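Hi,

Here is the structure I said I would pass on. Have a look at it first, and then read on for what turned up.

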Amino acid sequence: MSDEFDEFDVIVIGAGPAGENVADRAVRGGLSAAVVEERLAGGECSYWACIPSKALLRPVELAAEVARVPGLEAGPIDTRAVLARRDEAVSGYDDAGQVRWVEGVPAAFVRGRGRLDGPRRVVVDTPDGGERVLTARHAVVLATGSVASVPPVPGLREAEPWTSHEVTAVKSVPGRLAVIGGGVVGCEMAQAMHGLGARQTTLLVRGGGLLERMEPFAGELLADSFAAAGIDVRLRTGAERVERPEPGGKVTVHLSQGPPVEADEVLVAAGRKPATKGLGLETVGLPEDRPVEVDDSLRATGVTGGWLYAVGDVNGRNLLTHMGKYQGRACGDVIAARAAGRPDDLPGMRAGADGSGPPQVVFTDPQICSVGRTEAAAREAGFRVRTVEYDLANVSGAYLLGDGYRGRAKAVVDEDRKVLLGVTFAGPGTAELLHSATVAVIGEVPLERLWHAVPSFPTVSEVWLRLLEAYGL
């Protein structure tokens with residue numbers, strides 16, 4: 001028996017960045033919207049991922065930058081002050097400001113766990129134990145994000161490991177930390193915790209390198225940086241068994257090779273999976289154990305009537321906040337257009353950038369950033385490829401950033417069209433180079449035109465000139 005009944009043009013389940021953008025664009029298009037959120041408005045990124053992790057990483061990065069410049073001396077990091085600033089960055093885990101933003105769109109904010117209950121019908125389990133039934137005139141949008149994957153290692157779940165939630169919300173830094181996984185979360189949080197006081201940090205990587213989805217040199221440079229900082233990176237080493245006899249006590253991680261690792265906490269950074277469990281997908285004929293497949297308008301495929309959409313991590317396309325927001329904008333616009341009978345195929349109404357390799361930054365020291373395809377991915381896709389690389393330390397702007405600067409840039413060129421398929425930068429301060437690369441890759445700017453985009457001197461962006469010279473222009 002339902003306590004309440006409401007009808008809206010659009011219902012969005014999930015108030016993270018992707019869902020917020022859907023609601024905003026749908027309302028701009030003349031529709032009414034409701035946004036349902038079980039936890040905190042603002043979502044994973046605002047409280048347990050992008051924002052807090054970068055608040056923790058920035059002091060560590062800055063201390064490394066200062067240490068590279070003669071005449072400056074980096075003092076010890078005040079961990080308590082860093083954690084206090086992290087708390088400020090996440091608004092003390094209070095979402096009142098985000099709720100006000102949603103309501104100011106204006107959209108209705110509904111607190112509770114939303115789930116599908118048939119076509120255009122959403123049941124919300126409210127915090128007071130009741131139910132609220134919402135129905136949509138035009139569309140329901142799933143924007144529930146993703147959850148951390150915990151591999152089936154014996155004893156691991158029983159050891160109550162940290163995931164990104166716990167490590168970014170840490171109240172005190174453990175003296176010894178074991179990290180399972182060598183991807184983005186594992187690398188960023190290993191460096192953050194080590195820089196903030198974890199005297200013994202061990203990174204356990206089943207594969208043969210760090211950040212294996214990126215160009216190999218990026219992971220190699222980062223591994224060198226970790227070694228110099230005292231972070232123990234163990235490649236081709238998997239966790240076979242975990243023991244924690246006392247809750248909150250010492251953790252022992254038994255390995256596929258070598259002696260076990262003892263730690264005060266163990267962080268699992270073994271990837272993420274779409275948050276589809278309990279979402280009611282079975283009531284509309286979709287499996288709950290897979291991402292929600294969508295077309296480029298973000299409409300779910302295989303659902304009669306075309307009323308269901310999915311944006312962000314839940315559709316499995318790109319598990320990145322900025323790509324979820326991008327999808328959300330396209331989705332909100334296309335729903336509004338379809339509801340009004342307007343053209344729904346304008347360029348901004350398709351998530352065409354999803355398949356070409358999204359821009360991504362790993363905020364470690366050195367920073368690792370890339371856009372488009374790696375060389376391996378480009379060759380696998382059948383392109384006729386040529387690559388050029390350049391040592392960033394040879395750029396005057398990089399030298400001026402500090403002694404001992406190490407970095408590298410790589411461009412992947414489509415030889416038939418003479419455009420860039422992908423670019424990767426690895427080095428301190430390279431994140432701000434990425435958007436120029438994104439414009440060049442997504443815009444398919446001919447190399448001959450890029451030659452006339454003259455970089456300022458002396459900046460690190462002069463690497464663009466050096467790459468083009470290495471190519472032969």
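Below are my notes, going from the whole chain down to single residues.

One thing before the details: this is a predicted model, so please read everything here in that light.

**The chain overall**

The secondary structure adds up to 14 helices and 21 strands. With a radius of gyration of 24 Å, against the 23 Å that the globule rule gives for 473 residues, the chain is as compact as a globular protein of that length. If you want the extents, the C-alpha trace spans about 70 × 65 × 40 Å along its principal axes. Of the 473 residues, 52% count as buried. Taking the contacts with a separation of 6 or more, 64% of them are between residues 24 or more positions apart.

**Two cores**

The largest nonpolar core has 56 residues, and those with the most contacts inside it are Leu-116, Leu-134, Val-140, Val-141, Leu-142, Leu-308 and Ile-335. There is another core apart from it, with 34 residues, among them Val-60, Leu-83, Met-189 and Leu-267.

Leu-134 is a good place to start clicking around. Beyond its neighbours within four places in sequence, Leu-134 is in contact with residues including Asp-6, Phe-8 and Ile-11, then Ala-34 and Val-36, and also Val-110, Arg-120 and Val-124.

**The parallel sheet**

Four strands make up an open sheet with parallel pairing, in the order 10-9-8-14. Strand 10 (232-234) and strand 14 (265-268) are the edge strands, each pairing on one side only. On average, neighbouring strands here are turned by 15° against each other, direction ignored. Strand 9 (residues 200-204) is joined to strand 10 by 3 bridges, and Leu-203 has Val-233 in strand 10 as its bridge partner. Helix 7 (residues 184-195) packs on this sheet, where it touches strand 8 (176-180), strand 9 and strand 14. The direction of helix 7 makes about 170° with that of strand 9.

**The antiparallel sheet**

Further along the chain, 5 strands form an open sheet in the order 17-18-21-20-19, and the pairing is antiparallel. Strand 17 (360-362) and strand 19 (385-391) are at the edges with a single partner strand each, so one side of each has no neighbour in the sheet. Neighbouring strands are turned by 10° against each other on average, direction ignored.

Going through the pairs:

- Strand 17 and strand 18 (residues 367-372) pair over 3 bridges, with Gln-360 opposite Ser-370 in strand 18.
- Strand 19 and strand 20 are joined by 7 bridges, with Val-388 opposite Ala-411 in strand 20.
- Strand 20 and strand 21 also pair over 7 bridges, with Ala-409 opposite Phe-425 in strand 21.

How much of strand 20 is buried? In strand 20, 6 of the 7 residues are buried, so it is largely enclosed by the rest of the structure. The hairpin of strand 20 and strand 21 has 4 residues between the strands, and Lys-418 takes a positive phi there, near 60°. Helix 14 (residues 463-471) lies across strand 19, strand 20 (408-414) and strand 21 (419-427), and runs at about 130° to strand 19.

**Helix 8**

Helix 8 (residues 216-229) has 14 residues and reaches 20 Å from its first C-alpha to its last, close to the 20 Å expected at 1.5 Å a residue. Its buried residues include Phe-217, Ala-218, Leu-221, Leu-222, Ser-225 and Phe-226. As a reminder, residues three or four places apart in an α-helix point the same way, because there are 3.6 residues a turn. Right after helix 8 comes Gly-230, with a positive phi near 95°.

**Two buried polar residues to look at**

Ser-164 lies in helix 6 (residues 164-168). Its relative accessibility is 9%, under the 20% cut-off, so Ser-164 counts as buried. What does Ser-164 touch, not counting residues up to four places away in sequence? The list is Glu-44, Trp-48, Val-185, Leu-267 and Arg-272.

Thr-276 sits in the loop between strand 15 (272-274) and strand 16 (308-310). At 4% relative accessibility, Thr-276 counts as buried too. Leaving out residues up to four places away in sequence, Thr-276 touches Leu-281, Glu-288, Asp-289, Arg-290, Val-292 and Val-314.

Cheers

Notes. Residues are numbered from 1 along each chain as its sequence is written. This is a predicted model: local features need pLDDT of at least 70, side-chain atom pairs count only at pLDDT 80 or more; totals for chains, interfaces and linings use all residues. Side-chain values use heavy atoms; hydrogens and water are left out. A nonpolar core is a set of buried Ala, Val, Leu, Ile, Met, Phe, Trp, Tyr and Cys residues joined through side-chain atoms within 4.5 Å. Buried means under 20% relative accessible area, exposed over 50%, partly exposed in between (1.4 Å probe, protein chains only). Contact means heavy atoms within 4.5 Å. Helices (H or I, at least four residues) and strands (E, at least two) are DSSP runs, numbered from the N terminus. The expected span of a helix is 1.5 Å times one less than its number of residues. Two strands pair if DSSP finds at least two bridges between them. Axes are lines fitted to C-alpha atoms, for helices over the stretch in contact, and angles run from 0 to 180 degrees between N-to-C directions. The radius of gyration is taken over C-alpha atoms; the globule rule is 2.2 Å times the number of residues to the power 0.38.
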